[in-house]
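Q: Please take a close look at a single part of this model, the sheet, and describe its pairing and packing in one connected account.

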Amino acid sequence: MPTKTAALPRVLTRVIVAAAAAFVLWLLLAIQFFANPPQVSPHRTDAIVVLGGLSRERLPVAQDLQKALDIPVLVVSTTGLSGNLEGDALCRESQGDPDLLCFRPEPLNTRGEADAVAGLAAKYGWKSITVVTSDYHVMRAGTLMHQCVAADVQMVGSEPDMTAGAWLDRFVVETGGLLDVWMQPECDSGR
């Protein structure tokens, strides 16, 4: 007759196996959603928007696309934070350039950027926009943009240069952020 103490290791083993399987499944989904997000073949739009953060990585992608696709307006999110030095500097140095719009989101996050971009699209009558952000951020930022912006939105990811540990950190942050925007839509009346 088995004792209760013999059943404990079996239960513990099952819990550990289930937790490991759940972790592997989450990791595979995170890699697909955040390291290999769906990519579009960019086409000409009314404006191209660079989201704040990692502007050293994102801004050149946006500028290259703007030039290659003859997109008339570059829109840059300014933050005043260390990860956005290049974007903030461009906005300071190019004041008065009619082909450059700069904005500071309120609040200073992706939700604030989506609200601000929605307002700019409405103000300028844009029918389509391209939004550039890091690959890991395409799903969450794209969800917010589609919730808020009435214009057609195409998301373009730039490739970050990160360590495996930094990717794992981004996977955790973006998973939580994506769940948040799915459960608490931002401006779901925008579309």
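The sheet and the helices on it

A: Five strands (DSSP runs of E, at least two residues, numbered from the N terminus) form an open sheet in the order 3-2-1-4-5, and their pairing is parallel. Two strands count as paired if DSSP finds at least two bridges between them. The model is predicted, so to speak of local features a pLDDT of at least 70 is needed, while side-chain atom pairs count only at pLDDT 80 or more and totals for chains, interfaces and linings use all residues. Residue numbers start from 1 along each chain as its sequence is written, and side-chain values use heavy atoms, without hydrogens and water.

The edges are held by strand 3 (100-103) and strand 5 (152-158); each has a single partner strand, so one side of each has no neighbour in the sheet. On average, neighbouring strands are turned by 20° against each other, direction ignored (axes are lines fitted to C-alpha atoms, for helices over the stretch in contact, and angles run from 0 to 180 degrees between N-to-C directions).

At one of these edges, strand 3 pairs with strand 2 (residues 73-77) in the parallel sense, over four bridges. Within this pairing, L74 stands opposite L100 of strand 3.

Helix 3 (residues 85-93) packs on the sheet and touches strand 2 and strand 3 (contact means heavy atoms within 4.5 Å; helices are DSSP runs of H or I, at least four residues). The direction of helix 3 makes about 125° with that of strand 2. Helix 2 (residues 55-69) lies across strand 1 (47-50), strand 2, strand 4 (128-134) and strand 5. Against strand 4, helix 2 runs at about 150°.
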